[in-house]
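The report that follows goes through a protein–DNA model, beginning with the contact between its protein chains and then turning to the DNA strands. Please keep the structure in view while reading.

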There are 2 protein chains.
Amino acid sequence: MSMSTGSKPRRGRPPRLSRERIVEAALALVDRAGIDGLTMRALARELDADPMAVYRHVRDKDDLLGAMCDQLLVELPPIDPDGDWEPQVRRLAREIRERFAARPALLPALASAPVTPMSLVLASDAVTLLVRAGMSPHEAAGGFGAVFSYVLGFAVVEAAIPPPADHDALRASALRHLETDDPPPHLDAAIELMNSPGDFDLGLDLLLAGLRARLR
Amino acid sequence: MSMSTGSKPRRGRPPRLSRERIVEAALALVDRAGIDGLTMRALARELDADPMAVYRHVRDKDDLLGAMCDQLLVELPPIDPDGDWEPQVRRLAREIRERFAARPALLPALASAPVTPMSLVLASDAVTLLVRAGMSPHEAAGGFGAVFSYVLGFAVVEAAIPPPADHDALRASALRHLETDDPPPHLDAAIELMNSPGDFDLGLDLLLAGLRARLR
DNA sequence: ACCTGAACACCGTTCAAGT
DNA sequence: ACCTGAACACCGTTCAAGT
């Protein structure tokens, strides 16, 4: 076939700047260079544009980071409001967690901008689903909010797991805090927990079990 | 008694720098000037010291931010491993959430360093409590991990609530994403959710109910 | 040996000057 | 009117020079 793929430039160089292209390039840059590598100058270089040209499509760097976080939640598999709520909420939670885990460098930014247009759309769909299942709008909103908070918090802890090399240092540091050489009985279980946060599903099961109980 | 209190200066000016004093001053500075106001130079000014003197007690700025996050968790009311587990976990969760909510500017930093010596000590105590209540160490670690993740995620969402003035903009933005003028049935409930995240206790109750069920 | 502060290599963003 | 890029006012951190 002679047609060019999707959104490729018509000429050799990238097409005009757009918010969409900027966000896309910024995500690619973060993946490659980490959050510290994401500077407005480096981003412009990536886009083959003048450093200031980006500001025509983005208010400032915070605006850009917000748009990047929003992008994490697009194209989630759609919710069927008439299907069973529980498997759908479970699937959704796992999917969101995967998106977050795939871009750990973005989590601190996400932590200062979790409320985006897409997360609103998502919450709206989820509330609809839970209301059809028999919950009050208030219960449904609170219930989904709890799941969302859990997923976000889990991803944050998961992403921050220190490298194995730091285990001993962490242990020593904790003992210093306790001002004792005598480790508490389950310090090692705690270190284990922090270094490979239990099953994601364990906490999710607890929440879903709680929600299920509310429906009877 | 004639002895001076703990670590007070002997003369009128602040005493020698110490890691402790630096962290304390940094927290005060964040409270007053926000996370952007926390610069190594401003911190040194606060401490009446040379900008570079701080580096004698702190490896770099990330090290400082980590120590600040750790500080959030000190002096939590102690856990009684022989007491009832449920009211204690509930109290602990609320207390931690309060500490986080009191310093919203620090949450993005916390999101990149939630695993600190103090959070380890905390997890260790909590695991001990749950094991005494009859859970396996694995269940106990996973269970407390779930509660901790939830608390952290909730605090993050809570801190990021946009100012009321942004409601309409957010709503419009969500509709643009949906590419429709016809709002989904529970969009407003979702906006309400994101703007005053249900009860903290609602999600906590779900988790505790789930844990309780595991003990029977 | 310890401490200082000038200097380096950046950064996000403004704004005057160009087209 | 739009776009550019030099310049501003910072930043975290290095390191040579002082005590």
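## Contact between the protein chains

Between chain B and chain A there are 4 residue pairs in polar contact, counting pairs in which both residues have pLDDT 80 or more. The model is a predicted one, and across the interface of chain B and chain A the rule finds 0 salt bridges. The side of chain B that touches chain A draws at least two residues from each of helix H5 (107-111), helix H6 (117-132), helix H7 (137-159), helix H8 (167-178), helix H9 (187-195) and helix H10 (200-214) of chain B. Of these, H7(B) gives the most, with 16 residues. By class, the residues on this side of chain B are 39 nonpolar, 15 polar and 4 charged.

The contact takes 58 residues from chain B and 58 residues from chain A. About 5,000 Å² is buried between chain B and chain A, and carbon and sulfur atoms give 82% of that area. Within chain B, the residues that lose the most area to chain A are B:Leu120, B:Met194 and B:Leu206, which together make up 13% of what that side buries.

## Relation of the two copies

A turn of 180 degrees, with a shift of 0.0 Å along the axis, lays chain B on chain A with an RMSD of 0.0 Å. That is the relation of a two-fold axis. Because 100% of the interface residues of chain B are also interface residues in chain A, the copies meet through the same surface.

## Surroundings of DNA strand C

Both protein chains contribute residues around DNA strand C: from chain A these are A:Leu38, A:Thr39, A:Met40, A:Arg41, A:Met52, A:Tyr55, A:Asp60 and A:Lys61, and from chain B they are B:Arg41, B:Asp50, B:Met52 and B:Arg56. Of the atoms of DNA strand C that come within 4 Å of the protein, sugar and phosphate account for 44%. The surface near this strand has 5 nonpolar, 1 polar and 6 charged residues.

Particular side chains of chain A approach bases or phosphates of DNA strand C. A polar side-chain atom of A:Arg41 lies 2.4 Å from a base nitrogen of DNA strand C. For A:Tyr55, a polar side-chain atom is 2.6 Å from a phosphate oxygen of DNA strand C, and an N or O atom in the side chain of A:Lys61 is 2.8 Å from a phosphate oxygen of that strand.

## Surroundings of DNA strand D

Around DNA strand D, chain B supplies B:Leu38, B:Thr39, B:Met40, B:Arg41, B:Met52, B:Tyr55, B:Asp60 and B:Lys61, while chain A supplies A:Arg41, A:Asp50, A:Met52 and A:Arg56. Sugar or phosphate holds 42% of the atoms of DNA strand D within 4 Å of the protein, and the rest belong to bases. The residues of the surface near DNA strand D comprise 5 nonpolar, 1 polar and 6 charged.

In chain B, a polar side-chain atom of B:Arg41 lies 2.4 Å from a base nitrogen of DNA strand D, and an N or O atom in the side chain of B:Tyr55 is 2.5 Å from a phosphate oxygen of the strand. In chain A, a polar side-chain atom of A:Asp50 lies 2.9 Å from a phosphate oxygen of DNA strand D.

## Salt bridges

Side chains of opposite charge can pair when their charged atoms come close. Over all chains, the structure holds 22 salt bridges. One of them joins A:Arg32 to A:Glu46, with the closest N and O atoms 2.7 Å apart. This pair links distant parts of the chain, since A:Arg32 is in helix H1 (residues 19-37) of chain A and A:Glu46 is in helix H2 (residues 40-47) of chain A, 14 residues apart.

Note on methods
Residues numbered from 1 in each chain as written. Chains lettered and ligands numbered in written order. Predicted model: local features only at pLDDT ≥ 70, side-chain atom pairs only at ≥ 80, totals over all residues. Heavy atoms only, no water. Near = heavy atom within 4 Å. Polar contact = N/O pair within 3.5 Å; in protein donor to acceptor, adjacent residues only side chain to side chain. Nonpolar A, V, L, I, M, F, W, Y, C, P; charged D, E, K, R; others polar. Contact = heavy atoms within 4.5 Å. Buried area = accessible area lost by both parts, 1.4 Å probe. Salt bridge = Lys/Arg side-chain N within 4 Å of Asp/Glu carboxyl O. Helix = DSSP H or I, 4+ residues; strand = E, 2+ residues; numbered from the N terminus. Least-squares fit on C-alpha atoms with pLDDT ≥ 70 in both.
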